[in-house]
Structure formats: C-alpha cells, structure tokens
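Colleague: I'm new to this one. Could you show it to me and explain the words you use for it?

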Amino acid sequence: MNENTYKLISVALLCTTIAASAFAVYNNYQFNELKKDYAAVLSELEGFTAQVDLMIDYGNGTVTWYNDTRIQSGSSVLDATIVVCGAEYQTSDFGAFITSVNGLQPDSSHFWMWSTYEDGWEVGMVGADQYNVHNGDIIRWTYTSITEW
Amino acid sequence: MDQPRLDPRKISLIAILAATAIATNYLMIGTLNIKLMDLIVFTSGYLMGSVMGAITGGMVWLVYGTLNPFGFSLPVFISTVIGEALYGIAGGFFRGKGAGSGFDPWAAVTGFLLTFVYDLITSIVSGVTAGVPITMALITGIPFMLAHTVSNTVFFGFGFKPLVNSINKVMRKDE
C-alpha cells in the first residue's frame, strides 16, 4: 500500500470514529433521559400503588417469590395474586374460594391458603378478596394438605 | 494597470450552480438535513477556485436562508453562510485531486469532515441563539448531524466525479 492509501484509511477511520462517538454520546444521553423519566414515573406511581412481595409455596419444596411487585392501591390479596401469577376462584357467601394459583389446582386433599408476614407468618383470617394489601406487605400462598392443617 | 476581467462563463456557472443548489434544497425540503447543496457548492469551488466556491455557497444561503420555510434567524443565517462557504473554499483546495470517474474516497471523507465542522458550527450557534446549553444543543442535534454527514459522505463519494465530469463536458462544448 502506498502512502496515499494509508492517509485515506486514517481519515476514513477518523470519520467513522467521529460518527460512532456521536452515536454513542447520543445513545448515552437517551439512556440517561429514559432513566430519569423512569425514576419520575416510579415516584409518581408510589402515590397510588403498593409494593408487595408475593410468595407461592407449592408444597413440594418449590417456592417462587415475586418481589417488589407494584399493584394498584386498594387491591385485595386475590387481585394481587391474579395480577402477579394468575389465580382462579369461586365466590361464595364466605368470600372467594381459590381454586388454582399459577395453574395449580388443588386435589381433594389439598387447598390454597394465604398468610402474611409480620414477626412470623400469620394465616389470613378473611377471604383473599376481603384483605386489602398495603405497601410493604409480604404475602404467601401455600399449597396445604388438609391433614396437615 | 489592467484589472483581470471576470470570465462571464464563470459568473454564469456560479449562477447556474447556485440556482441548482437552491432548487434542490426546496425539492428536498421534506428530507431534513439531506441535501445536494453542499456537493454542488464544493464542486463549484473545485471548478472555479475557493473564492468563487465561497461566493456560490454564500449566494445559496442568501436566498435559501432568507426564504426558508423553517423561519429566519440572523445568527443562524450568518453561521450557515459561513459554514456553506467552507464547502466552496475546501473545494478550491481539492483541485487536482478529483480526476477520473467513479467513487472518490477522498471526496467522501472530505464531505464527511466538512459536514461535521458545518454541523458543529451551526449547532453551537443555534443552541446559543435559542438559549439552550451548547452541550445539550450538540447532543440533541446528533441524529440530524448523523443524517447530514452520512448522506454527504455518500453524495460526495459517488456524486463528485460525475458532477465535475458533466460540468466540464458542458463547459468544453461551449468553447
């Protein structure tokens, strides 16, 4: 290669460096702007949403956590569960009776039981549709054997 | 002492090239920052020297900058006239480098660098005029700058030699 070719390659590389740097700077700017927007949206959301941790214990050693989940303020445990992982239920005079959580339907010897954590697990004293979740609540669904209960 | 007389053919060529640049600007009004004007001004500088090239660039912006659908701003107008004149001046310095036909890599990289400088100048002036911090003006202008530099790189690379050859052919016919 002659000197002229080297010069041309150098200038061409300079051009691509300028273009790539400009592109990178712009992308970085866009990223930071989106990050700021995201933080602003989150802070606005905090006013009318609650952040909860939801745990599903399938009774066979498998436990799934859905941490820091944002749900609408005033939602019940049932609403939160439906939003987070899906749940089916039947309504009765006593409230909603859960027939499946995350697709797992209990057989005749099991049922789904919910509890909250506050200095230890406390079993829900009302139906899942009767208890409204609050910011910071830790909720557990347990696939429970009738004999154990 | 006899003053060197201006060649009327040169004057008419400046007028034709300036008119072509203005016409293509209005034709391509929808494609923001993608214009054939810079190549035409650069070519005029190449064919007639830096001074004539700068005059062509200035003339184009005198019309296009005044009758501009995006509005008129004096500082921006001055910066674009100066920026466009740079293409003409650089064209003059490029003389003797553009012989032959086909893609010209030197013209392509020159187009890129000139456009980068042009966009830098106009973005800074636009930012200062609009009261926007210069850094912000430069960053938000990057997509437009990239469109301008990339399109000019292509136009200069592929269009410079055919344009020079065509104009030379027409000018020679008139001799």
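Colleague: What makes Asn33(B) partly exposed?

Modeller: Asn33(B) has 18 other C-beta atoms within 10 Å. With C-beta atoms placed from the backbone, 20 or more others within 10 Å would make a residue buried, 12 or fewer would make it exposed, and anything in between is partly exposed. So a count of 18 puts Asn33(B) in the partly exposed class. This is a predicted model, where local features need pLDDT of at least 70 and side-chain atom pairs count only at pLDDT 80 or more, while totals for chains, interfaces and linings use all residues. Residues are numbered from 1 along each chain as its sequence is written, with chains lettered from A and ligands numbered from 1 in the order in which they are written.

Colleague: Where is Asn33(B) found?

Modeller: In the loop between helix H1 (8–27) and helix H2 (37–48) of chain B. Asn33(B) also has a positive phi of about 70°, although it is not a glycine.

Colleague: And why is Asp68(A) called exposed?

Modeller: Asp68(A) has 8 other C-beta atoms within 10 Å, so it is exposed. Asp68(A) is found in strand S2 (residues 63–72) of chain A, strands being DSSP runs of E of at least two residues and helices runs of H or I of at least four, numbered from the N terminus. Its phi is positive too, about 50°.

Colleague: How many residues of chain B are in contact with chain A?

Modeller: 12 residues of chain B, with 11 of chain A; contact means that the C-beta atoms, placed from the backbone, lie within 7 Å. H5(B) gives the largest share of chain B's side, six residues.

How values were computed:
Two residues are in contact if their C-beta atoms, placed from the backbone, lie within 7 Å.
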